[in-house]
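Reader: Could you walk me through this one, with the cut-offs spelled out as we go?
Author: Gladly; here is the entry.

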There are 2 protein chains.
Amino acid sequence: VNIPQLCESIVKGDTTALAKSITLLESQKEEDWALGKELLSQLPVGENQSRRLGFSGPPGVGKSSFIEKLGGHITAGAEKVAVLAIDPSSGRTGGSILGDKTRMEALSRHPLSFVRPSPSRGHLGGVTSSMPGVILLCEAAGYDWILVESVGVGQSEVELVQMVDFFTLIAQPGAGDELQAIKKGILEHVDMIVVNKIDQDNKLATITAQQYLSALKVIGGASVPVKKCSALTGEGMDEIYQFYQSHSYDRGRRNEFLTHWFRSLIQSEFRKRLASHPKWKKEIHQLEETILQQKLLPHQAVDELFQRLGWTNL
Amino acid sequence: VNIPQLCESIVKGDTTALAKSITLLESQKEEDWALGKELLSQLPVGENQSRRLGFSGPPGVGKSSFIEKLGGHITAGAEKVAVLAIDPSSGRTGGSILGDKTRMEALSRHPLSFVRPSPSRGHLGGVTSSMPGVILLCEAAGYDWILVESVGVGQSEVELVQMVDFFTLIAQPGAGDELQAIKKGILEHVDMIVVNKIDQDNKLATITAQQYLSALKVIGGASVPVKKCSALTGEGMDEIYQFYQSHSYDRGRRNEFLTHWFRSLIQSEFRKRLASHPKWKKEIHQLEETILQQKLLPHQAVDELFQRLGWTNL
């Protein structure tokens, strides 16, 4: 890999070079990651300040359709848009859930767009340790809008909130009881709620929107806007697009993002370095044997490892 | 905290002592975690070999009702059951999503049961680093069945698979397109699929069950059972209970669990120790300042930190 050449191609807007670079950042291989870091250091990152938007919501509410429609507005305005989807891949095989599904077909064919699923790898620190770099790469490649979609609820969603300037929860008319309970937990992270599918039941959508407004009031989020739209017919989408356009990012939040990324990298780098070091790789393997022989519990083995590393006072 | 006394109370079946001990393991405070580790070391863990079952499925399919009904069969058989729910708490406030919802009311009142939501904390290694210890605590307290419920899809689900002997996916009649896509990703981890809510539409449930069987065949999981039930009426639940009863755990899988726990603890212990060490806490803070002044990118700051720690060759 020729890093300076790759940098040049990325800045020129070469999507093949961009895709290749993202693969380096997402790789589990130490040598790829080293190249990825080199690349980030050489790129003019932080100069193009894009809009970083995060989207989440339960399966079936139409997140992809919404993002594709929004992407259409962005490209129609002659701006470049990158869509990154956090894809909770299988922990056992590393296969991608979304990989086999052709998503956002129209948008992904547009010359101003770049659509890419990012596997969350099923290992700790997966999304958080690679996604921030991927966002910076896309910015260096001149994308004005970075839309990050999280599939499902849970850990990856909490991590996503920390990576974006603005977090939108997508809902649909008349959500069930358990959905409400889950949403209550993310409500406090939410910067906007969009009730999609008004084409299906506008009346119910209005009731649902009001329910969200009430719930937001309870948790002190009365200023969070709740909007309605149909990603299918496009109704309401232009207003939402203009809302995003008028929103400027918060420096404090971007600083939090950098700090969070740093702390996450400390952990994942430690794991990577330990696992690739011949001596400690062997020590860890020996301690695992001891655990399996039921001579030590895992946390006792960790204490032992840290003692062997000489970090008793760390 | 008097550890020997706490141990004694746990082994005697005192649920207040158990709850208190779980809180120690889940605590973010270094001193609580130290006590929790001490407790695990003193308890007769690994002697009572319980059944560890994991449950997941999209919101609204009736996971809690299913688990409550199953718990009813277990307690009717005079066995003790612990229900642990992985609760994707808010990363910002640490508040619990499920905490405000009274769940499994009948089961939680039964003297042979113990029901407890466990916050996943919204930080890396949250569930994986505390849940294994919580499972061991429940086993030491004499629970014969440990039922762990994961809310939603994603990271916490992949981690759950690694912690249990048997993983059941709960579905409902006629799932939507996106649901199918997500389920395809977890299908390979699944040991059984249960289509719930046959009281609502038994015909559609049969079709859904057949669709899952076909999907399982495609990925080479033709031996995975697909069952139907109604957690509401209880139909089919006795057969499922008996199926779980007849299933014995696999030593290899428990070994994988121990190894995975160990590796996860190495990371989280490292983070905790670094964060609580006066010198390194200060160094990290200084590097954060450098990052915020845009003088270093986070991964460059990590390299710098490891250099200062003297781990250049690690």
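Reader: Let me start with a single residue: is Ser27(A) buried or exposed?
Author: Ser27(A) is buried, because its relative accessible area is 11%, where buried means under 20%, exposed over 50% and partly exposed in between, with a 1.4 Å probe and protein chains only. Please keep in mind that this is a predicted model in which local features need pLDDT of at least 70 and side-chain atom pairs count only at pLDDT 80 or more, while totals for chains, interfaces and linings use all residues. Residues are numbered from 1 along each chain as its sequence is written, chains are lettered from A and ligands numbered from 1 in the order in which they are written, and side-chain values use heavy atoms, with hydrogens and water left out.

Reader: And where is Ser27(A) placed?
Author: Ser27(A) is in the loop between α2 (15–26) and α3 (30–42) of chain A, where helices (H or I, at least four residues) and strands (E, at least two) are DSSP runs numbered from the N terminus.

Reader: Which side chain does the side chain of Ser27(A) make a polar contact with?
Author: That partner is the side chain of Asp32(A), at 2.6 Å; a polar contact is a pair of N or O atoms within 3.5 Å, of which, within protein, one must be able to donate a hydrogen and the other to accept it, and residues adjacent in sequence count only if both atoms are side-chain atoms.

Reader: OK, which residues of α3(A) are buried?
Author: Asp32(A) is one of them, and the others are Trp33(A), Gly36(A), Lys37(A), Leu39(A) and Leu40(A). They cover an arc of only 160° around the axis, which puts them on the same side of α3(A), the arc being that of the directions from the helix axis to the C-beta atoms.

Reader: Why would a helix put residues on one side like that?
Author: An α-helix has 3.6 residues a turn, so residues three or four places apart point the same way.

Reader: Now α13(A): what's buried there, and what covers it?
Author: In α13 (residues 298–308) of chain A, the buried residues are Pro298(A), His299(A), Ala301(A), Val302(A), Leu305(A) and Phe306(A). They lie on the same side of α13(A), because they cover an arc of only 155° around the axis. Their cover includes α11 (251–276) and α12 (278–292) of chain A, together with α3 (30–42) and α11 (251–276) of chain B, with contact meaning heavy atoms within 4.5 Å. After α13(A) comes Gly310(A), whose phi is positive, near 80°.

Reader: Switching topic, which residue has a positive phi although it is not a glycine?
Author: Ala78(A) has one of about 65°, and Ala78(A) lies in the loop between α4 (63–76) and β2 (81–87) of chain A. Ala78(A) counts as exposed because its relative accessible area is 60%. In chain B, Ala78(B) also has a positive phi of about 65°, and Ala78(B) is exposed at 61% relative accessibility.

Reader: What about confidence, say the mean pLDDT of chain A?
Author: The mean is 84, and 83% of the residues of chain A reach 70 or more, pLDDT being the predictor's confidence in each residue, from 0 to 100. Among the elements of chain A, α8 (residues 177–187) has the lowest mean pLDDT, 55, and α10 (residues 237–246) the highest, 97. Over residues 89–101 of chain A the pLDDT is below 50, and this stretch has 38 contacts in the model beyond near neighbours in sequence.

Reader: And what ipTM does the complex get?
Author: The predictor gives the complex an ipTM of 0.79, along with a pTM of 0.72.
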